[in-house]
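Visitor: Please take one part of this model and go through it closely. I would like the aromatic residues and the strand that goes with them, in one connected account.

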Amino acid sequence: MNKVILMGRLTKDPEVRYTQNTNTLVASFSLAVNRRFTKQGEERQADFINVVAWSKTGEFCSKYFKKGQQVGIIGRIQTRTWDDEQGQKHYVTEVVAEEAYFADSKRDGDTSSGSFENTFGSVASSSPEFEISSNDDLPF
């Protein structure tokens, strides 16, 4: 199974291109995704992950995503290689976005309809949703 779920901030506005043969829209952008843990005394580190969104998803990203926005991406990892004009081989690993969501909290007067939290629920929770006592009958 090849499934990726990311939440991070756009490092710049999405870049839009069209394929030569089929004129299909392709939006490319990079997400700064914070690492979960930090070493004591160090700043939080982030990974910069390249994302590619095709067709309707790419159109959505290019139209509504802006630099600095926090977004959620669901997709898959893809690797590819190519040779440049000098014959040098290039390798790239990127996430192909299959779904894209807003993940910023709503601001006063903001009319955006969807958010990552509203779609998937809270990403991290410090308290459990329920507690199990030793007297509870469990079905497993």
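Guide: Start with Phe-60, which counts as partly exposed because its relative accessibility is 28%, within the range from 20% to 50% set for that class. Phe-65, by contrast, has a relative accessibility of 0% and therefore counts as buried. The model is a predicted one, and every value here is computed from it.

Across the whole structure, a search gives six aromatic pairs. One of them joins Phe-29 and Phe-65, in an edge-to-face arrangement with 6.2 Å from centre to centre and 85° between the planes. This pair connects distant parts of the chain, the two residues being 36 residues apart. Phe-29 belongs to strand 3 (residues 25-34), while Phe-65 sits in the loop between helix 1 (55-64) and strand 5 (70-83). Phe-29 and Phe-65 are both buried. Phe-65 also pairs with Phe-60: the ring centres are 5.6 Å apart and the planes stand at 75°, so this pair too is edge-to-face, the cut-off for that label being over 60 degrees. Phe-29, Phe-60 and Phe-65 belong to one aromatic cluster together with Tyr-64 and Phe-102.

Phe-29 leads on to strand 3 as a whole. This strand is mostly covered, with nine of its ten residues buried. Strand 3 has several antiparallel partners. Strand 1 (residues 4-10) runs antiparallel to strand 3 and is joined to it by two bridges; here Leu-10 is placed opposite Leu-31. Strand 2 (residues 15-18) is also antiparallel to strand 3, with four bridges between them, and Tyr-18 stands opposite Leu-25. Strands 2 and 3 make a hairpin with six residues between them. In that turn, Asn-23 has a positive phi of about 55°. To strand 4 (residues 46-54), strand 3 is joined by nine bridges, again antiparallel. In this pairing Asn-34 faces Ala-46 across the two strands.

Leu-31 gives a view from within strand 3. It is buried because its relative accessible area is 0%, where the limit for that class is under 20%. With neighbours within four places in sequence left aside, Leu-31 has contacts that include Leu-6, Gly-8, Arg-9, Leu-10 and Thr-11. Asp-47, Phe-48, Ile-49 and Val-51 are also among its contacts, as are Val-71 and Ile-73. For Val-51, the separation from Leu-31 is 20 residues in sequence and 7.3 Å in space, C-alpha to C-alpha.

Strand 3 also takes part in the lining of the largest pocket, to which strand 3, strand 4 and strand 5 each supply at least two residues. The volume of this pocket is about 160 Å³. Its lining consists of Arg-17, Val-26, Ser-28, Val-52, Trp-54, Gln-78, Arg-80 and Glu-94. By class, the lining residues are three nonpolar, two polar and three charged.

To draw the part together: the mostly covered strand 3 carries Phe-29, whose ring pairs with that of Phe-65 in the loop after helix 1. Strand 3 pairs with strand 1, strand 2 and strand 4, and contributes to the lining of the largest pocket.

Definitions and conventions:
Residues numbered from 1 in each chain as written. Predicted model: local features only at pLDDT ≥ 70, side-chain atom pairs only at ≥ 80, totals over all residues. Heavy atoms only, no water. Phe/Tyr/Trp six-rings, centres within 6.5 Å; stacked < 30°, edge-to-face > 60°. Buried < 20%, exposed > 50% of the residue type's maximum accessible area, 1.4 Å probe, protein only. Pairing = 2+ DSSP bridges. 1 Å grid on protein atoms, 1.4 Å probe; cavity = no way out; pocket = protein on both sides within 12 Å on 5 of 7 lines; lining within 4 Å. Points joined across faces, edges and corners; volume = space filled by probe spheres on them. Nonpolar A, V, L, I, M, F, W, Y, C, P; charged D, E, K, R; others polar. Contact = heavy atoms within 4.5 Å.
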